[in-house]
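Reader: Could you take me through one part of this model up close? I'd like to hear how it is put together.

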Amino acid sequence: MAEYKVKFEVFEGPLDLLLYLIKKEEVDIYEVNLTRLAEQFIEYIETMRLLDLEIAGEFLVMAATLMYIKSRELLPVEQRAEVEGEEDGDDPRWELIRQLVEYKKFKDAACQLQALESRQADVFARVPAKLEFEREAALPRPDVSIFDLVNAVNVVLKRFNKREDLRDIFEDKWTVSEKIEYLVRMIGERSILKFSELFEGVTSRTEVVVTFLALLELIRLKQLTAVQREPFAEIEICRAEPVLVPALAASPSAETDSSDTQSLST
Amino acid sequence: MELKYILEALLFSAQKPLSTKELRDIFAAAPEHAEGDETARGLKKVKESELESTLEQLSKEHAEANRSYRLVCVAGSWQFVTQPDYAPWLKALVGHKIRPPRLSQPSLETLAIIAYRQPITRAEIEQVRGVAVDGVMQTLLERGLVEQVGRAEVVGRPMTYGTTSAFLEYFGLRSLEDLPAADELRRIVVQKPEALMTADPGLATVPPEQLSLPGEQKSAESNSPAPDTAPPAPA
């Protein structure tokens, strides 16, 4: 064998390699010669072995499939063993071609996404400077106590008042740390949130409780602050001013003392 | 005053992209700020659908006027953005956008499959791609482009995944309907050709005498090498 070095392309998987081989042949996927393809495919695997590349199991499975297809072709139609349960639709050749066509379409779609991605990097949104208006200037009265908050969350919990005696037990979908991230994101977008808005999308009691714990934790960490503009107005949540840190919610840590928040506060 | 110009003014000065719902709330609140203004009162109860169609109209007008910016809807919210052609100057002005590194080819492929086929399980994605997607999924989940959306009602109840609104924002898409060739890719129907070509035309040769089953001589002959024509499809 001639001594030459091949610059080896790294293929994502066996389908990727097959598509590459088909492209090299310059034929339509539907008209590809699977036997030739099988040979070339195995050649590649040999090369990979020579180069000491780790061959993923998927490549071996594909090689086996190709060999099976090739071996089937060696027999005339009449002599082929009828594989049990195999119907016309299960023809291994067809199955492979179908898979290749489908994969190719998604590869093309990925290219289109890539084009959109680079286009988006060049699109600039209009972001006007934040103007100070009267409405913003009104100083909120930062005197919401933990009891006010508990009262408010009780109102929200009433939405889910129906207690279920029997229910499926499933993994908790929500964690305090996830909800903390969610709240931080929300406040980053809106800067002021109504208390009720925090619970707009919740679907269960547990989620209300978890969201509430996240809120308490953020207040304790002085990330957020709860304010009430006037008596009986709805409680609003906004980012805590570093200077104006209100001494509210003295120690909700007792309530939030779960393993989740522990790990966060360290 | 026309509705579309009010919308234009709102989006022109908005701090962030606005959804039709948010715009509707603004119209509902506007009469408070305009004593006796007929237009403001008249538009108090404007419907979201009307806002939507007016915005479409406005967006079209901007496109036709061929200005350097467009009114676009990304992930359901409307905003003004510049055309990509002006990027060099804008980059000099405001610097490069802070964007996470470009997605790798495997990530894009996986993302494309999820985008078109959601909700989809990991196993289904792997079936299309032919390789394991664990690492890639991790990246996509970490970047918030996909999320768990539920569980498939099959054995083991595996998680299903879908794209997030961050996905739409990242690619500047209005909705999932806005994906290129959405209908075609959502359910790819691959037409099976009439006669399947064989793996290697002419490979299926007449079996040696002793291998033929009695009474099969005739059909075996019809199966002799035919290099130019595709041998018959399997039964």
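Author: Here's a walk along one helix, with a quick stop at a sheet afterwards. Keep in mind that this is a predicted model.

Let's start with α7 of chain A, which covers residues 176-190. Does its length add up? What matters is the span: at 1.5 Å a residue, its 15 residues should stretch over 21 Å, and the end C-alpha atoms do sit 21 Å apart, so the two agree. Now for what's tucked away: the buried residues of α7(A) are Val176(A), Lys179(A), Ile180(A) and Leu183(A). Look down the axis of α7(A) and these buried residues fall within an arc of 105 degrees, so they line one face of the helix. The spacing makes sense, because an α-helix has 3.6 residues a turn and residues three or four places apart point the same way. Flip to the other side of α7(A) and you'll find Arg185(A), Gly188(A) and Glu189(A) exposed. Just past the end of α7(A), Ser191(A) takes a positive phi of about 65 degrees.

Over in chain B, three strands make an open antiparallel sheet, in the order β4-β6-β5. Strands β4 (120-121) and β5 (146-151) of chain B are at the edges with a single partner strand each, so one side of each has no neighbour in the sheet. β4(B) pairs with β6(B), residues 159-163, over two antiparallel bridges, and Ile120(B) has Tyr161(B) as its bridge partner in β6(B). Lying across β4, β5 and β6 of chain B is helix α6(B), residues 105-117, which runs at about 95 degrees to β6(B).

Technical notes: Residues numbered from 1 in each chain as written. Chains lettered and ligands numbered in written order. Predicted model: local features only at pLDDT ≥ 70, side-chain atom pairs only at ≥ 80, totals over all residues. Pairing = 2+ DSSP bridges. Helix = DSSP H or I, 4+ residues; strand = E, 2+ residues; numbered from the N terminus. Contact = placed C-beta atoms within 7 Å. Axes fitted to C-alpha atoms, helices over the stretch in contact; angles between N-to-C directions. Expected span 1.5 Å × (residues − 1). Buried ≥ 20, exposed ≤ 12 C-beta atoms within 10 Å, placed from the backbone. Arc of directions from axis to C-beta.
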